[in-house]
Amino acid sequence: MGKALVSLTFDDGLRCQFERAVPILDRYGFKATFFLVANTDPVFSDGVAENQKYGWRKIDWSAEDIRLLRHMIERGHEIGSHTVSHKRPSINAKPMFEASESKKLIETWMGVEIPSFCYPFYETIQELKQPAIQAGYQQARTGHEDAYYDSPNSVDWFAVDCRQITTEENVSGWVKPGCWHVLTFHGIGNEQDGWEPISEHAFARQMAELEELRKSGAVEVLTFKDAANRLRDNHAWSPSPSNKRARSKLHGRTRQGAQGLDPGGDSRPKSNQQ
Ligand SMILES: [Zn+2]
C-alpha cells in the first residue's frame, strides 16, 4: 500500500487563515490550497454571513494582499478561485462570469495560471460545473461528504469531495494508505473569524499530529492541484484492487470510504457523523 495523500484546503479568503494557519503550515512545510473570492470587499458576504453579527474579514486584494499571496505561491502554496461574488443570485444568473472572470482576475493579480476552482456552499456544482470546465480549470472541489479516493478512476476531477474539519478530529483517521483525502477549513479562531471555526490551538494540534504521520512516512501533504496532477499522472498511486464504481455525491454519503483498502472505514470520528 502506498502513502496516503492529504490536501489541505481553505475557503473564502478569510484573513484569520493567513494570520493564524499559514504560519503553522509554514512551520512544517505543508503546502496548502486557498480558494479566494475575487472581489475587493474587505468583509466576506454570501447572503448568509451577513446575518451573523460579525463581519468576517477577508482578503481584499490590496497591493499588500497581493504581495502576501504571491510570496505564498513562491513557497509552494496554491491560490485557487472561489467565484467572484460567492452569492447564489449571481451564480444562478451569471455562472460563466463567476467561473471565468474569477480565474482571469486572480491570474492577473497573481501572475500565474489558476488551475483549481471551488464551488461555493459545497453544492453549486449543477450551476458551475460546465462553466468551470469551459473556463479552463483543471479540477474543482466540492464537499463535504467525507469521501476519499483510492484510484484516479474514482475521481470526478470537477467534483472532488472533501471533509469539513472540526475541532474534535482524529487526525490519524485522515490518513488512508494509498488514498487521497481532501480536507477543508473555514474559520481559524472564533465565531468572529469565519464559518465553522476551529481554534488556532486545535489547528496547531492537528498539524503537529499530521507532521508526526508525515515523518513516519504514512502521508504526503500536497496542494490540491499538485495532488490532482500526481494522481492523473498515476505515478504514485498503487493500482486500485478493482475498478469499482466511481464515487459520486449522487450516491449519498460515502461511509465506506476507499473500497477495497479500508473495508471498515470506521476510523472516522463518530462525532462528525451527523
Ligand atoms: Zn465558500
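Strands E2 (33–36) and E3 (residues 78–81) run parallel and are joined by 4 bridges. Strands count as paired here if DSSP finds at least two bridges between them. The names come from DSSP runs, numbered from the N terminus: a helix (H or I) has at least four residues, and a strand (E) at least two. One pair to look up is phenylalanine 34, which stands opposite isoleucine 79 in E3.

Before going on, a word about what you're looking at. This is a predicted model, where local features need pLDDT of at least 70, side-chain atom pairs count only at pLDDT 80 or more, and totals for chains, interfaces and linings use all residues. Residues are numbered from 1 along each chain as its sequence is written.

Back to E2 and E3. Together with helix H2 (63–74), they make a right-handed β-α-β unit. Right-handed means that, with the strands pointing away from you, the path from the first strand over the helix to the second runs clockwise. In E3, Glu78 and Gly80 point one way, Ile79 and Ser81 point the other way, and all are buried. In general, side chains in a regular strand alternate between the two faces of the sheet. "Buried" has a cut-off: 20 or more other C-beta atoms within 10 Å of the residue's own, while 12 or fewer makes it exposed and anything in between partly exposed, with C-beta atoms placed from the backbone.

Now for strand E1 (residues 4–11). How many of the residues of E1 are buried? The count is 8 of 8. Ala4, Val6, Leu8 and Phe10 sit on one side, with Leu5, Ser7, Thr9 and Asp11 on the other. E1 also has parallel partners, listed here with one bridge pair for each.

| Partner of E1 | Bridges | One bridge pair |
|---|---|---|
| E7 (residues 180–185) | 6 bridges | threonine 9 and threonine 184 |
| E8 (residues 219–221) | 3 bridges | leucine 5 and glutamate 220 |
| E2 | 3 bridges | threonine 9 and threonine 33 |

From E1 the chain crosses through helix H1 (residues 15–28) to E2, and this β-α-β crossover is right-handed.

E1 turns up again in the largest nonpolar core, which has 64 residues. Such a core is a set of buried Ala, Val, Leu, Ile, Met, Phe, Trp, Tyr and Cys residues joined through C-beta atoms within 7 Å. Val6, Leu36, Ala140 and Trp180 touch the most other members, and the largest share of the core, 5 residues, comes from E1. Take leucine 36: leaving out residues up to four places away in sequence, it touches Gly13, Ile59, Ile79, Ser81, His82 and Ile106. A contact, by the way, means that the C-beta atoms of two residues, placed from the backbone, lie within 7 Å.

Next, compare two residues. Is serine 116 buried or exposed? Serine 116, in strand E4 (residues 116–118), counts as buried because it has 28 C-beta neighbours inside 10 Å. Beyond four places in sequence, its contacts include Thr33, Glu78, Gly80 and Phe224. Its C-alpha is 5.6 Å from that of alanine 140, with the two residues 24 apart in sequence.

Tyrosine 54 sits in the loop between E2 and H2. It is partly exposed, because 14 other C-beta atoms lie within 10 Å. Setting aside neighbours within four places, tyrosine 54 is in contact with Glu191 and Gln192. Its C-alpha is separated by 8.6 Å from that of glycine 194, although these two are 140 residues apart along the chain.

Helix H5 (residues 125–135) has two sides to look at. Leu128, Ala132 and Ala135 are buried in this helix. Why do they share a side of H5? They cover an arc of only 60° around the axis (taken from the directions from the helix axis to the C-beta atoms), so they lie on the same side of H5. An α-helix has 3.6 residues a turn, so residues three or four places apart point the same way. The buried residues of H5 pack against helix H3 (88–93), helix H4 (95–110), E4 and strand E5 (139–141). The face turned away from that buried side carries the exposed residues Gln126 and Gln134. After H5 comes glycine 136, with a positive phi near 100°.

Finally, zoom out. The protein has 7 helices and 8 strands, and 44% of its 274 residues count as buried. Of the contacts with a separation of 6 or more, 68% are between residues 24 or more positions apart.
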